[in-house]
Amino acid sequence: LQIARLRNERAAREAEEQTRDILRTVREGFFLLDADHRIGAVWSHALTRMFGRESFAGLAFEELLKALVSPQTLATATKYVKLLWGERAHENLMKSINPLGQLELRVDNGRGGEDIRYLQFDFHRVAGPQGVRHVLVSVSDITASVQLAKELQESQENASAQIDMMMGVMSLDPG
């Protein structure tokens, strides 16, 4: 019995170590929200980089967003998170109405200025026997892809303008 307990304790320690390693190395921010919309005791290290704070345990989701978004966006996001706890909420429909799908943030760059960063929040319900136990929130920094999309759109608009100009020049009377 003692040997079996020691094996189980060792396996539990190894699993906990692996979980810590994963949460320390992933690039996405992960945390669980409880029924009171508070962040759990475990979160990925990427959150500290994304939000510029060290501790998240027990922090209300509304408090996390309060300084980052407009009051209207905050109210919409809070209502959205409340809907996730409903039993009748359809997962795919909820994803399609996510108000935090692409969130623009202005963050201090440490040099006296601000940088614009884009974050994407995804929400996944964690169900148990009595219904939804937690909501897993994943936060991704999508700044690079948003900037590339903007550059591509600008490039396409410039190319279109150049073609229009060329067509205009070609249609001029040579005389």
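Which residues does Leu32 touch, not counting residues up to four places away in sequence? In this predicted model, the partners of Leu32 are Arg38, Ile39, Gly40, Val42, Val126, His134, Val135 and Leu136. Leu32 itself belongs to strand β1, which covers residues 29–33. With a relative accessibility of 33%, Leu32 counts as partly exposed, because this value falls between the 20% under which a residue is called buried and the 50% over which a residue is called exposed. The position of Leu32 can also be described relative to Arg125, since the two residues stand 93 residues apart along the chain, while their C-alpha atoms are separated by 9.5 Å.

The setting of strand β1 is given by the overall order of elements. The chain has six helices and five strands, and these elements, read from the N terminus, follow the order α-β-β-α-α-α-α-β-β-β-α. Of the contacts between residues at least 6 apart in sequence, 39% join residues at least 24 apart.

The interior of the model can be followed through its largest nonpolar core, which contains 32 residues, and within which Phe31, Phe51, Phe61, Leu65, Phe121, Phe123 and Val139 touch the most other members. At least two residues of this core are supplied by each of β1, α2 (46–51), α3 (61–66), α4 (71–84), β3 (103–108), β4 (114–128) and β5 (131–141). The largest share, five residues, comes from α4. As for Phe123, when its neighbours within four places in sequence are left aside, this residue is in contact with Phe61, Tyr80, Val81, Leu84, Glu91, Asn98, Leu100, Val135, Leu136 and Val137. Val135 and Leu136 thus appear among the contacts of Phe123, and Val135 and Leu136 are also listed among the residues that Leu32 touches.

The overall dimensions of the chain complete this description. A compact globule of 175 residues would have a radius of gyration near 16 Å, whereas the value for the chain is 23 Å. Along the principal axes, the C-alpha trace spans about 105 × 35 × 35 Å. Of the 175 residues, 27% count as buried, and the accessible surface comes to about 12300 Å², with 53% of this area belonging to carbon and sulfur atoms. With regard to charge, the chain carries 21 positive and 24 negative charges, and the mean positions of these two groups are 10 Å apart.

Note on methods. Residues are numbered from 1 along each chain as its sequence is written. This is a predicted model: local features need pLDDT of at least 70, side-chain atom pairs count only at pLDDT 80 or more; totals for chains, interfaces and linings use all residues. Side-chain values use heavy atoms; hydrogens and water are left out. Helices (H or I, at least four residues) and strands (E, at least two) are DSSP runs, numbered from the N terminus. The radius of gyration is taken over C-alpha atoms; the globule rule is 2.2 Å times the number of residues to the power 0.38. Buried means under 20% relative accessible area, exposed over 50%, partly exposed in between (1.4 Å probe, protein chains only). Contact means heavy atoms within 4.5 Å. Accessible areas come from the Shrake-Rupley method with a 1.4 Å probe; for residues, only the protein chains shown count as cover. Lys and Arg count as positive and Asp and Glu as negative; His and the chain ends are not counted. The place of a charge is taken as NZ of Lys, CZ of Arg, CG of Asp or CD of Glu. A nonpolar core is a set of buried Ala, Val, Leu, Ile, Met, Phe, Trp, Tyr and Cys residues joined through side-chain atoms within 4.5 Å.
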